[in-house]
Amino acid sequence: MSEPSRSQAHVHREPSDAATGPVGTRAPGVRRTAAGVSELVQAALPLIAEWLPTQRWYAGKGRPIAALTPVVGTPLQVGDPALLHLLLRVEHGGATAGPGDVYQLLLGIRSEQPASVGPMAVLGRLTGGTYDGATLYDAVHDPELTGRLLEHLATGDRFGSLSFRRTPGPGLPGNLPGRACTAEQSNSSVIYDTEFILKLFRRISPGTNPDLELSLALSRAGSTRIPRVAAWFECRLERSEPATLGLLQRYLADAEDGWELALDQVARLKGDPSPGNFAIEAHRLGRATAEVHRVLARSMPTARLDRARIAELAGAMADRLDSAVTAVPGLMRYRPALRAAFQQLTEAHLDGLPVQRIHGDLHLGQAMRTPQGWVLLDFEGEPAKPLAERRLPQPALRDVAAMLRSFDYAAAHLLAGAPGQDPELALLASAWAARNRAAYCAGYTAGGGVDPAGTPELMRALEIDKAVYEVVYEARHRPSWLPIPLAAINRLADTV
């Protein structure tokens, strides 16, 4: 790894004296001057360079870091402990290197490592100068400092280009400690008691994150199918529109995860072929999805793709298939049939195709069953896609196709660990998936959504497109799961 670049951070004003720690407890790693913040950032860069690639949400794994460039550094608390908010541009070497990615870091600095912060969250000890000996760590794991972040949201503070904003309604409590949620991938979350959950977006792009944009639209429309938005914070980067950094929503303390519910039902199939009727829940989930789509269609811009734009949509699917064939040669034998399915999509919608804003990454893990019904989460879309692409209107049935793939994935867990090929288990898994897929589609139609059975060419193309994405993902990250999307590809190719 080459040494990170050491350009200066842009430093905003520090909090007022009311934001400091106890008098006389200032850590050696903190000074209340702009020069002190810049010095801290520069001292932290070598530790960040080693720690960053080990994080689950870091998208640059396998590529050496060529440069780390601080973009904005903002002290949110001074004293011992201190809290530094940092936006950092990471550049990678190579012929295909782009402008780099911007990541959001919340850095805690203490004279002693707190007991709540495990070793994986510790970047190390700062050395040299004023900061010698101070512990630098990921502040997401420090309840005191995440509580401080909630206070800034509650009072709507602003530090230069970093703004904390609240939605109208009851005030937010400012004295709740936050605990880090461990079940995270592309972002980090902090839970405050049983009241709120704060999602911290790690990879930052200019513009409103779809999770905030769509959640606000649904909240303002009175939808009960999402957790209410309470606050968010954002930062303006380099004269661009503000980038969303975090989203605070009501925490669904009494909810059950849809993925876990489905897996529980699937696991029971081994002892009882009819352990309970999850299809009832699948139907209700379909209705909830349709309700969300209807509200989004009323609240956000819609469009209608003409014949040329539909051809572009199908062409993009064909391009993704070609790239996938290069990455996973096992797809080659299906390529002609799958490309024919994309061509049929173009021919079947000569009079146009309606598009709207959608969830963008819907699956059972993004749905929670509450006593009041199903609630959908995480409207961010697929994090790997550019923000502008995720904000484009899409066929609403793309979400339906994605959920159908999730039922297939849940059913496949019945076969996990089974010795060899068990035909009886395979039939049970297939029947469970088919039953719940049908129930979900029926619920979607009953909830006012377009009947998926009425547009078979569109549904087939969208499900193929999703399965192709899954093939590439599993080949790269979970090869043992590759048979799941390949089975779908085989089925969908045969139906063409």
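1. Let's get the cysteines out of the way: a search of the whole structure turns up 0 disulfides. Keep in mind that this is a predicted model. Two cysteines are worth a look for their surroundings. C181 has 25% relative accessibility, so it counts as partly exposed. C235, on the other hand, is buried, with a relative accessible area of 1%.

2. On to the 7-stranded sheet. This sheet is open, its pairing is antiparallel, and the strands come in the order 7-8-13-14-11-10-9. Strand 7 (158–159) and strand 9 (178–180) are the edge strands, and each of them pairs on one side only. At the strand 7 end, 2 bridges hold the antiparallel pairing with strand 8 (residues 162–166). If you want a residue pair to click on there, R158 has S163 of strand 8 as its bridge partner.

3. A good residue to inspect next is A231, which sits in strand 13 (residues 229–236). How accessible is A231? Its relative accessibility is 0%, so A231 counts as buried. Leaving out residues up to four places away in sequence, A231 touches L153, R165, R166, T167, L172, L247 and L248. There is also a long-range pair to note: A231 and A154 are 77 residues apart along the chain, yet their C-alpha atoms are separated by 7.8 Å.

4. Now strands 2, 3 and 4. Strand 3 (residues 82–92) is mostly covered, with 10 of its 11 residues buried. Strand 2 (residues 65–77) runs antiparallel to strand 3, and 10 bridges join the two; within that pairing, P75 stands opposite L84 of strand 3. Strand 3 also pairs with strand 4 (residues 101–110), again in the antiparallel sense, over 9 bridges. Here R89 stands opposite V102 of strand 4.

5. If you're checking backbone torsions, go to the hairpin of strand 2 and strand 3. The hairpin has 4 residues between the strands, and G79 takes a positive phi near 115 degrees.

6. There is also an open sheet of 3 strands, ordered 15-18-19 and paired antiparallel. Strand 15 (256–257) and strand 19 (373–376) stand at its edges with a single partner strand each, so one side of each has no neighbour in the sheet. Strand 15 and strand 18 (residues 367–370) are linked by 2 bridges in the antiparallel sense, and D257 stands opposite M368 of strand 18.

7. What lies across strand 18 and strand 19? That is helix 5 (residues 278–299), which runs at about 50 degrees to strand 19. Have a look at H293 while you're in helix 5. Its relative accessibility is 3%, so H293 counts as buried. Setting aside residues up to four places away in sequence, H293 touches Q356, I358, A396, D399 and Y444.

8. Helix 12 (residues 483–494) has 12 residues and reaches 16 Å from its first C-alpha to its last, close to the 16 Å expected at 1.5 Å a residue. The buried residues in helix 12 are I484, P485, A488, I489, L492 and A493. Why do they line one face of the helix? Viewed down the axis of helix 12, the buried residues fall within an arc of 165 degrees, so they line one face. The face turned away from that buried side carries the exposed residues P483 and D494. As for what covers the buried residues of helix 12, the list includes helix 7 (335–348), helix 9 (397–412) and helix 11 (456–477).

9. One loop residue to finish. V328 is found in the loop between helix 6 (307–327) and helix 7. Is V328 buried or exposed? At 9% relative accessibility, under the 20% cut-off, V328 counts as buried. Not counting neighbours within four places in sequence, V328 is in contact with V471, V472 and A475. V328 and V468 are 140 residues apart in sequence and 9.8 Å apart in space, taken C-alpha to C-alpha.

Definitions and conventions:
Residues numbered from 1 in each chain as written. Predicted model: local features only at pLDDT ≥ 70, side-chain atom pairs only at ≥ 80, totals over all residues. Heavy atoms only, no water. Expected span 1.5 Å × (residues − 1). Buried < 20%, exposed > 50% of the residue type's maximum accessible area, 1.4 Å probe, protein only. Arc of directions from axis to C-beta. Contact = heavy atoms within 4.5 Å. Pairing = 2+ DSSP bridges. Axes fitted to C-alpha atoms, helices over the stretch in contact; angles between N-to-C directions. Disulfide = S-S within 2.5 Å.
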